[in-house]
Amino acid sequence: MITAILVDDERINIDNLQALLARHCQNIEVVATALSADEAKEHILELAPDVVFLDIDMPGKNGFDLLRSIKDPGFDVVFVTAYDAYGIMAVKFSALDYLLKPINIEELKSTVDKIAQSVNVKRHHLRLNNLFKLLDRKLPDEQQKIALPTMKETYLVPVRDIVRCSSSNNYTTFFLTNGTEHLISKPLYEYDELLSPYGFIRCHQSHLVNKAHVTSILNEDSGYLIMDYSSQKIPISKQKKSSVKALLKL
């Protein structure tokens with residue numbers, strides 16, 4: 001049985017989530033609820049839950065403040081939120097789980113299934129640390145890291161070390177400067193959204209490249225990008241040719 005604490009400043013949201021968990025996720029036992037960060041911290045320290053379903057936007061101390069106040073959190077976190085776009089972007093970048101209000105039942109069940117299979121708390125600590133750095137904007141772009149969750153392990157990879165990404169259906173493969181590859185079970189468009197602020201260009205429906213690693217453009221067909229650390233030609237689609245050249249300032 002997975003023990004859980006639900007944290008939200010509105011009682012109706014707690015009652016709704018608790019009812020959904022009882023009806024659809026019977027492997028979850030709600031051991032406490034809290035209407036504030038301070039109340040939640042007391043319950044967490046006392047009960048040591050497996051997971052905290054946490055609202056971000058609360059008066060006074062918010063959900064991020066709560067997590068910062070707990071040294072070495074030994075629990076999983078699922079953000080349940082309608083928070084601003086930057087908060088959600090940071091959560092995605094750190095490969096943490098979140099649910100948007102109103103809660104979708106299938107997404108809730110899928111999230112609980114992932115928690116049930118999670119056995120690596122250390123991995124989660126690394127993700128939380130990465131989340132806090134993103135939220136604080138403490139790291140310059142060249143030192144920023146992204147969490148890449150594979151089937152066996154989650155890697156925290158410097159963004160600058162990503163040469164390119166390619167997609168196949170709902171999977172994305174990351175190609176790094178050291179020659180390694182990581183296959184992630186997420187579609188390319190999610191990483192396009194996350195990485196475009198760091199100089200990544202969607203040159204093709206199936207390809208996302210780091211412009212810092214583009215060495216030249218080959219003028220064949222609609223064009224190809226030549227990348228360092230790789231001898232492969234990355235195609236440019238006809239629809240994206242002008243925007244790619246503009247982004248590369250050609």
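**Helix α1 and an open three-stranded sheet**

In this predicted model, the buried residues of helix α1 are covered by a set of elements that includes the strands β1 (2-7), β2 (28-34), β3 (51-54) and β4 (76-81), together with the helix α5 (105-117). The residues of α1 that are buried, in the sense of having under 20% relative accessible area, include I14, L17, L20 and L21. Viewed down the axis of α1, its buried residues fall within an arc of 130 degrees, and therefore they line one face of the helix. This spacing can be read against the geometry of an α-helix, which has 3.6 residues a turn, so that residues three or four places apart point the same way. On the face of α1 turned away from the buried side lie the exposed residues I12, A22 and R23.

The length of α1 can be checked as well: because each residue should contribute 1.5 Å, the 14 residues of this helix (residues 11-24) are expected to span 20 Å, and the C-alpha atoms at its ends are indeed 20 Å apart, in agreement with that expectation.

Further along the chain, an open sheet of 3 strands is arranged in the order β13-β14-β15, and its pairing is antiparallel. Since β13 (214-218) and β15 (233-235) stand at the edges and have a single partner strand each, one side of each is left without a neighbour in the sheet. Neighbouring strands of this sheet are turned against each other by 30 degrees on average, if direction is ignored. Between β14 (residues 224-227) and β15, the antiparallel pairing extends over 3 bridges, and I226 has K233, in β15, as its bridge partner.

Technical notes: Residues are numbered from 1 along each chain as its sequence is written. This is a predicted model: local features need pLDDT of at least 70, side-chain atom pairs count only at pLDDT 80 or more; totals for chains, interfaces and linings use all residues. Side-chain values use heavy atoms; hydrogens and water are left out. Two strands pair if DSSP finds at least two bridges between them. Helices (H or I, at least four residues) and strands (E, at least two) are DSSP runs, numbered from the N terminus. Axes are lines fitted to C-alpha atoms, for helices over the stretch in contact, and angles run from 0 to 180 degrees between N-to-C directions. The expected span of a helix is 1.5 Å times one less than its number of residues. Buried means under 20% relative accessible area, exposed over 50%, partly exposed in between (1.4 Å probe, protein chains only). The arc is that of the directions from the helix axis to the C-beta atoms. Contact means heavy atoms within 4.5 Å.
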